[in-house]
Amino acid sequence: GCVFSIHTDGSSYTKLLDFNGTNGKTPSGGLILSGHILYGMTRSGGKNGDGCVFSIHTDGSSYSKLLDFNYVNGAGGDGPLFLAGNMLYGMTKIGGTDSLGCIFSIDTNGISYTKLLDFNGTNGKSPVGSFTLSGNVLYGMTGRGGKYNDGTIFSIHTDGTGYLDMLDFRGIKGIQPEGSLIL
């Protein structure tokens, strides 16, 4: 995969970065922009082959891996990151304590990583989409897991406390959601 830019009229396509495995592989979930810096994740590649969180300037300079996933801290980064202040929040599809994904935060300089929650099946698994934030509470979804293994809507405080399974999907409520919530 690669990171690129293109003008809104279709002109001036520029490849900013080629992923080569070592710097990440199989980018996922799109990029988010803060000032002149883009942040994103890859599903695989990086030091351990489990994906990474990265930043790159909009002109293609200053690529930096902020985190190499190592399965214990998550693997298979999926969905876009969410930025609040100088903290990035994200989810992985697999990895973590129960190999069912996790929720994490990392500051934009890559120094402070915190695993906020390990999905264990009962509280969800295989998270989808991005977060929505209200105050200090993140809202998100899982595509599987929960009471009926058909996915959940959940909330969690930005410090990792207060996890709440708000809805277990099943039948007429829908099953296996995709996408992101909006507020």
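Start by selecting Phe4, which you will find in strand β1, covering residues 2–5. Keep in mind throughout this tour that you are looking at a predicted model. Phe4 is partly exposed, with 46% relative accessible area. Now add Ile6 and Tyr13 to your selection: together with Phe4, these residues make a nonpolar surface patch of about 320 Å².

**Stop 1: an open sheet**

Next, colour strands β3, β4, β5 and β6. These four strands form an open sheet, in the order β3-β4-β5-β6, with antiparallel pairing. Which strands stand at the edges? They are β3 (25–34) and β6 (64–68); each has a single partner strand, so one side of each is left without a neighbour in the sheet. Turn the view a little and compare the directions of the strands: on average, neighbours in this sheet are turned by 20 degrees against each other, ignoring direction.

Zoom in on β5, residues 52–57, and its partner β6. The two pair in the antiparallel sense over four bridges. To see one of the pairings, select Val53 and then Leu67 in β6, which is its bridge partner.

**Stop 2: two loops beside the sheet strands**

Follow the chain through the loop between β5 and β6 and pick out Ser62. What is the sign of phi at Ser62? Phi is positive here, about 60 degrees, although Ser62 is not a glycine. That is worth a pause, because most residues other than glycine have a negative phi. Ser62 counts as partly exposed, at 45% relative accessibility.

Now go to the loop between β4 (37–44) and β5, and select Lys47. Is Lys47 buried or exposed? At 68% relative accessibility, Lys47 counts as exposed, because the cut-off for that word is over 50%. Show Thr22 as well: Lys47 and Thr22 are 25 residues apart in sequence, yet their C-alpha atoms are 6.1 Å apart in space.

**Stop 3: salt bridges**

Side chains of opposite charge can pair when their charged atoms come close. How many salt bridges are counted in this model? The count comes to five, and you can visit some of them now.

- Select Lys15 and Asp18. They form a salt bridge whose closest N and O atoms are 3.2 Å apart. Lys15 is partly exposed at 44% relative accessible area, and Asp18 is also partly exposed, at 45%.
- Select Lys115 and Asp118. Here the closest N and O atoms of the salt bridge are 3.1 Å apart. Lys115 has a relative accessible area of 28% and is partly exposed.
- Select Asp78 and Lys93. Their side chains meet in a salt bridge of 3.5 Å, N to O. Asp78 lies in strand β7 (residues 75–84) and Lys93 in strand β8 (residues 87–94), so this pair ties together parts that are 15 residues apart in sequence.

Stay with that last pair for a moment. Asp78 counts as buried, with 15% relative accessibility, whereas Lys93 counts as partly exposed, with 26%. Then add Arg43 to the picture: salt bridges that share partners join Arg43, Asp78 and Lys93 into one network.

**Stop 4: the largest nonpolar core**

Hide the surface and select Phe82, Tyr89, Ile103, Phe131, Leu138, Phe154 and Ile156. These are the residues with the most contacts inside the largest nonpolar core, which has 13 residues. Which elements give two or more residues to this core? They are β7, β8, β10 (113–118) and β13 (152–157). The largest share, three residues, comes from β8.

**Stop 5: a hairpin**

Move on to β9, residues 102–107, and its neighbour β10. Strands β9 and β10 pair in the antiparallel sense over five bridges. Select Ser105 and look across to Thr114 in β10, its bridge partner. The hairpin has five residues between its strands, and in it Gly110 takes a positive phi near 80 degrees.

**Last stop: after β14**

Finish in the segment after β14 (164–168), where you can select Gln176. What value does phi of Gln176 take? Phi is near 45 degrees, a positive value in a residue other than glycine. Gln176 counts as partly exposed, at 36% relative accessibility.

Note on methods:
Residues numbered from 1 in each chain as written. Predicted model: local features only at pLDDT ≥ 70, side-chain atom pairs only at ≥ 80, totals over all residues. Heavy atoms only, no water. Pairing = 2+ DSSP bridges. Axes fitted to C-alpha atoms, helices over the stretch in contact; angles between N-to-C directions. Patch = residues over 30% accessible without salt bridge, like charges linked within 9 Å, V, L, I, M, F, W, Y side chains within 5 Å. Areas by Shrake-Rupley, 256 points an atom, 1.4 Å probe, with all protein chains shown as cover. Salt bridge = Lys/Arg side-chain N within 4 Å of Asp/Glu carboxyl O. Buried < 20%, exposed > 50% of the residue type's maximum accessible area, 1.4 Å probe, protein only. Core = buried A, V, L, I, M, F, W, Y, C linked by side-chain atoms within 4.5 Å.
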